[in-house]
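Colleague: I am new to this structure and would like a close look at a single part of it, namely the place where two helices pack against each other. Could you take me there slowly, beginning with whatever I need in order to follow you?

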Amino acid sequence: MEAGPRDTAPGGEQLSPDGPERTPDGVIADGPTADEIAAQDEAAEVEVELRPQRRLRIWQLAPIVMLATVGSLMFAFPLFFEFGDGGAVVAMLGLLISSCAAGWGMMAARRVGYTLPGLPPRGSGRWPDWRVVGAYVVVVAAVAVLAVWRVARLR
């Protein structure tokens, strides 16, 4: 079998059929250009993340869970037991604390790369579907209206 134009390197040596194709300056065709390599050599610092954190740790989850539990209890007890005139205030404060814990949990989950079902991953460049976003808005608004209505009935 004779060596064709793709089987010889610019210097004349033989290459295997599946070997890399190199440009005349010795850079692999699908790799960085010679200018990019020179620019990398000039840079003194290179930031590399060796092991990215891709899951929530217990020390991240514990305060969120505790805050959500306290807020839920503060919201629930005035609704089930008669607390007098201060019951509505305690229930609204509990609702506020629970909402803050939910937001904190969402931000922590987003930071490690989790997303809500139906939404594209962070940094993918895709836009979320407006129907999914609308469904989330309707559900959150309905829960908020029902909670405020329930607390308002305490008076």
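Modeller: A residue counts as buried when its relative accessible area is under 20%. With that cut-off, 14% of the 155 residues of the protein count as buried, and please keep in mind throughout that this is a predicted model. The protein has four helices and zero strands, so that reading along the sequence gives the pattern α-α-α-α. Among the contacts between residues at least 6 apart in sequence, 46% join residues that are at least 24 apart.

Now to the part you asked about. Two packed helices are described by the angle between their axes and by the distance between those axes. Here the pair is helix α2, which covers residues 58–80, and helix α3, which covers residues 87–111; they pack at an angle of about 155 degrees, and their axes are 7 Å apart. Since an angle over 145 degrees counts as roughly antiparallel, α2 and α3 are therefore roughly antiparallel to each other. The crossing in which α2 passes α3 is left-handed.

On the side of α2, the contact is made by P63, I64, L67, A68, G71, S72, M74, F75 and P78. On the side of α3, the residues that take part are G87, V90, A91, L93, G94, L95, I97, S98, A101, W104, G105 and A108. Sorted by class, this contact of α2 with α3 has 15 nonpolar and six polar residues, and no charged residues; glycine is counted here among the polar ones.

Helix α2 also holds L79, a residue that counts as buried because its relative accessibility is 16%. L79 and R153 lie 74 residues apart in sequence, yet their C-alpha atoms are 9.3 Å apart in space.

Charged residues do pair up elsewhere, for the structure holds one salt bridge. That salt bridge joins D129 and R131, whose closest N and O atoms are 3.1 Å apart. The two partners can be placed by their accessibility: D129 counts as partly exposed because its relative accessibility is 29%, whereas R131, at 52%, counts as exposed.

To return to the part you asked about, then, the picture to keep is of α2 and α3 running roughly antiparallel, with a left-handed crossing and a contact that has no charged residues.

Terms used:
Residues are numbered from 1 along each chain as its sequence is written. This is a predicted model: local features need pLDDT of at least 70, side-chain atom pairs count only at pLDDT 80 or more; totals for chains, interfaces and linings use all residues. Side-chain values use heavy atoms; hydrogens and water are left out. Axes are lines fitted to C-alpha atoms, for helices over the stretch in contact, and angles run from 0 to 180 degrees between N-to-C directions. Helices (H or I, at least four residues) and strands (E, at least two) are DSSP runs, numbered from the N terminus. Angles under 35 degrees count as roughly parallel, over 145 as roughly antiparallel, 65 to 115 as roughly perpendicular and the rest as oblique. A crossing is left-handed if the near helix is turned anticlockwise from the far one by less than a right angle, and right-handed if clockwise. Contact means heavy atoms within 4.5 Å. A salt bridge is a side-chain nitrogen of Lys or Arg within 4 Å of a carboxyl oxygen of Asp or Glu. Buried means under 20% relative accessible area, exposed over 50%, partly exposed in between (1.4 Å probe, protein chains only).
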